[in-house]
Amino acid sequence: MSILLCPCDSGENLKACCGLYLSGKAYPSTATSLLRSRYSAYATGNLTYLHKTWHPDTRPNLRAQDLVTQWTHLQIIRVKPGLKHSVAEFKALYRDGDQKCEVREISLFKLYRKRWVYLQTCADWP
Ligand SMILES: [Zn+2]
């Protein structure tokens, strides 16, 4: 059996990290683990998981062709945890041909039916 490192850059085995969430065996208990697992879902093209972890009010109709980006690294910059809302700023790196690119984003997560879901991007740190 081969050990596959988790795409979220935790240094853990995928099965013991985001794999637990991506397979539906567990649900992330914090906004940070939700962010990590959603990044892993983007990296592995897991549409079902992205759909499930997106707030229904803001959830787009994602298709497989929306997930072609080759994500290479995730770096969480800061997190502001809350009881009902949490905010996280992160940098995600990807490859575009020979070029290394990055996106930096502030994400807002909301507790919805007792589970953390992604709500939207924020323009500024709160
Ligand atoms: Zn992970």
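Here are some worked exercises on side-chain contacts in this predicted model.

**Exercise 1. An aromatic pair**

Task: Find how the rings of Tyr39 and Trp71 are arranged, and say which parts of the chain they join.

Solution:
- Step 1. Start with the distance: the two ring centres lie 6.2 Å apart. Centres within 6.5 Å make a pair, so Tyr39 and Trp71 qualify.
- Step 2. Now look at the angle, which is 65° between the planes. An angle over 60 degrees counts as edge-to-face, and that is the label this pair receives.
- Step 3. Place the residues: Tyr39 belongs to helix 2 (residues 31–44), while Trp71 belongs to strand 1 (residues 70–80). The pair therefore ties together parts that are 32 residues apart in sequence.

**Exercise 2. From a pair to a cluster**

Task: Work out how Trp71 and Tyr94 are arranged, and which residues form an aromatic cluster with them.

Solution:
- Step 1. For Trp71 and Tyr94, the ring centres are 5.2 Å apart and the planes meet at 70°, so this pair is edge-to-face.
- Step 2. Trp71 is in strand 1 and Tyr94 is in strand 2 (residues 85–96), so the pair links distant parts of the chain, 23 residues apart.
- Step 3. Put the pieces together: Trp71 pairs with Tyr39 and also with Tyr94. Tyr39, Trp71 and Tyr94 form one aromatic cluster.

**Exercise 3. Buried or not?**

Task: Sort Tyr39, Trp71 and Tyr94 into buried, partly exposed or exposed.

Solution:
- Step 1. Recall the cut-off: a residue is buried when its relative accessible area is under 20%, and exposed when that area is over 50%.
- Step 2. Tyr39 has 5% relative accessibility, so it is buried.
- Step 3. Trp71, at 23%, is partly exposed, and Tyr94, at 21%, is partly exposed too.

**Exercise 4. A salt-bridge network**

Task: Trace the salt bridges of Glu89 and name the residues in the network.

Solution:
- Step 1. Begin with the general idea: side chains of opposite charge can pair when their charged atoms come close.
- Step 2. Glu89 makes a salt bridge with Arg78, where the closest N and O atoms are 2.6 Å apart. Glu89 lies in strand 2 and Arg78 in strand 1, so this bridge ties together parts that are 11 residues apart in sequence.
- Step 3. Glu89 also meets Arg104 in a salt bridge, at 3.1 Å from N to O. This pair links distant parts of the chain, since Arg104 sits in strand 3 (residues 99–112), 15 residues from Glu89 in strand 2.
- Step 4. Arg78, Glu89 and Arg104 are thus linked in a network of salt bridges.
- Step 5. Check the surroundings: Glu89 is buried at 7%, Arg78 is partly exposed at 37%, and Arg104 is exposed at 52%.

**Exercise 5. Charges over rings**

Task: Which ring does Arg38 sit over, and which does Arg78 lie over?

Solution:
- Step 1. The charged end of Arg38 is over the ring of Trp54, 4.6 Å from the centre of that ring.
- Step 2. Arg78 lies over the face of Trp125, 4.1 Å from the ring centre.
- Step 3. Link this to Exercise 4: Arg78 also forms a salt bridge with Glu89.

Conventions. Residues are numbered from 1 along each chain as its sequence is written. This is a predicted model: local features need pLDDT of at least 70, side-chain atom pairs count only at pLDDT 80 or more; totals for chains, interfaces and linings use all residues. Side-chain values use heavy atoms; hydrogens and water are left out. Rings of Phe, Tyr and Trp (its six-membered ring) pair if their centres lie within 6.5 Å; planes under 30 degrees apart count as stacked, over 60 as edge-to-face and the rest as tilted. Helices (H or I, at least four residues) and strands (E, at least two) are DSSP runs, numbered from the N terminus. Buried means under 20% relative accessible area, exposed over 50%, partly exposed in between (1.4 Å probe, protein chains only). A charge sits over a ring if NZ of Lys or CZ of Arg is within 6 Å of the ring centre and within 35 degrees of the ring normal. A salt bridge is a side-chain nitrogen of Lys or Arg within 4 Å of a carboxyl oxygen of Asp or Glu.
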